[in-house]
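User: I should like to learn how to read helix packing and burial in a structural model. Could we proceed feature by feature?

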Amino acid sequence: MHSPPGRPNPPSASPTTILTPGRPFSPAELQAMTNDGVLRLLVGDAYAPAAAPLTPELRATALATVYEPRLRTRTVVGRQSAAWIYGCAPAPPLPVLLVPAPRRLSAARKARGVLVHEVWLGEFDIIELGPLLVTSPLRTAVDLSMHGESPIASVTLRRLLSRPGLGLTPSLVSRALDALPRQPRKQRGREVIATLLRETQRAPA
């Protein structure tokens, strides 16, 4: 099948195909292919073939194009941005990057277009997806319970808990919260999860 005159040839739907302006198509060509249903915009200026499955690896590969490559191996994608990678949140306008304490990355705080937080992360809190380090589903849920104060964050947390394949339950998140070192928002997280646990217990079978 040939592309219509004036249209670029559509890309093949490789599981990790991500297109950004100039690689090799112009912004206008990418938009035209999106309008034709050939591509879909994932995040920032990162596009993927419309036929490609929306996997966490694909989303992580797309998010990696949004910020500086030097930060990829020195930070961990977390909170709402990690939840987006798992398919449970809207695409982040600014990636949330976590710097594992006690490592300090002052350069990251000066990076444009990202939000940076220094946090404690355990050995099992980090997984590798595509080119990025990402907080595990469990740690992502824990962080959102403590730091997600917006209505969107509450919806995201519920989606994480109900997402097939992630293996999350309110009681599991509660136990993970209890295992964290002392920190100011820990009690808030417990209250949020306790509320979700009550909602689960009241839900009809």
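Analyst: Certainly; please note that this is a predicted model. Let us begin with a pair of helices. Helix 5 (residues 137–147) packs against helix 6 (residues 151–162) at an angle of about 155°, and their axes lie 10 Å apart. Because angles over 145 degrees count as roughly antiparallel, helix 5 is roughly antiparallel to helix 6.

User: What is the handedness of the crossing where helix 5 passes helix 6, and which residues make the contact?

Analyst: The crossing of helix 5 with helix 6 is left-handed. Helix 5 contributes Thr140, Ala141, Leu144 and Ser145, while helix 6 contributes Thr156, Leu157 and Leu160. By class, the residues of this contact comprise four nonpolar, three polar and no charged.

User: How should one read the burial pattern along a single helix? Which residues of helix 7 are buried?

Analyst: The general idea comes first. An α-helix has 3.6 residues a turn, so residues three or four places apart point the same way. In helix 7 (residues 170–179), the buried residues are Pro170, Val173, Ala176 and Leu177. Because they cover an arc of only 125° around the axis, they sit on the same side of helix 7. Arg175 and Ala179, on the other side of helix 7, are exposed.

User: Which residues of helix 1 are buried, and what covers them?

Analyst: In helix 1 (residues 27–35), Leu30, Ala32 and Met33 are buried. Viewed down the axis, the buried residues of helix 1 fall within an arc of 160°, so they line one face of the helix. Their cover includes strand 1 (39–43) and strand 2 (46–49). The face turned away from the buried side of helix 1 carries the exposed residues Pro27, Ala28 and Asn35.

User: Which residue with a positive phi follows helix 1?

Analyst: That residue is Gly37, with a phi near 80°.

User: Finally, how is a loop residue to be read? Where is Arg72 found, and what does it touch?

Analyst: One considers location, accessibility and contacts in turn. Arg72 is found in the loop between helix 2 (56–63) and strand 3 (76–77). Its relative accessibility is 23%, so Arg72 counts as partly exposed. Leaving aside residues up to four places away in sequence, Arg72 touches Ala64, Thr65, Tyr67, Pro131, Leu132 and Leu133. Leu132 is 60 residues from Arg72 along the chain, yet their C-alpha atoms are separated by 5.9 Å.

Technical notes
Residues numbered from 1 in each chain as written. Predicted model: local features only at pLDDT ≥ 70, side-chain atom pairs only at ≥ 80, totals over all residues. Heavy atoms only, no water. Axes fitted to C-alpha atoms, helices over the stretch in contact; angles between N-to-C directions. Helix = DSSP H or I, 4+ residues; strand = E, 2+ residues; numbered from the N terminus. Parallel < 35°, antiparallel > 145°, perpendicular 65-115°, else oblique. Left-handed = near helix turned anticlockwise from the far one by under 90°. Contact = heavy atoms within 4.5 Å. Nonpolar A, V, L, I, M, F, W, Y, C, P; charged D, E, K, R; others polar. Buried < 20%, exposed > 50% of the residue type's maximum accessible area, 1.4 Å probe, protein only. Arc of directions from axis to C-beta.
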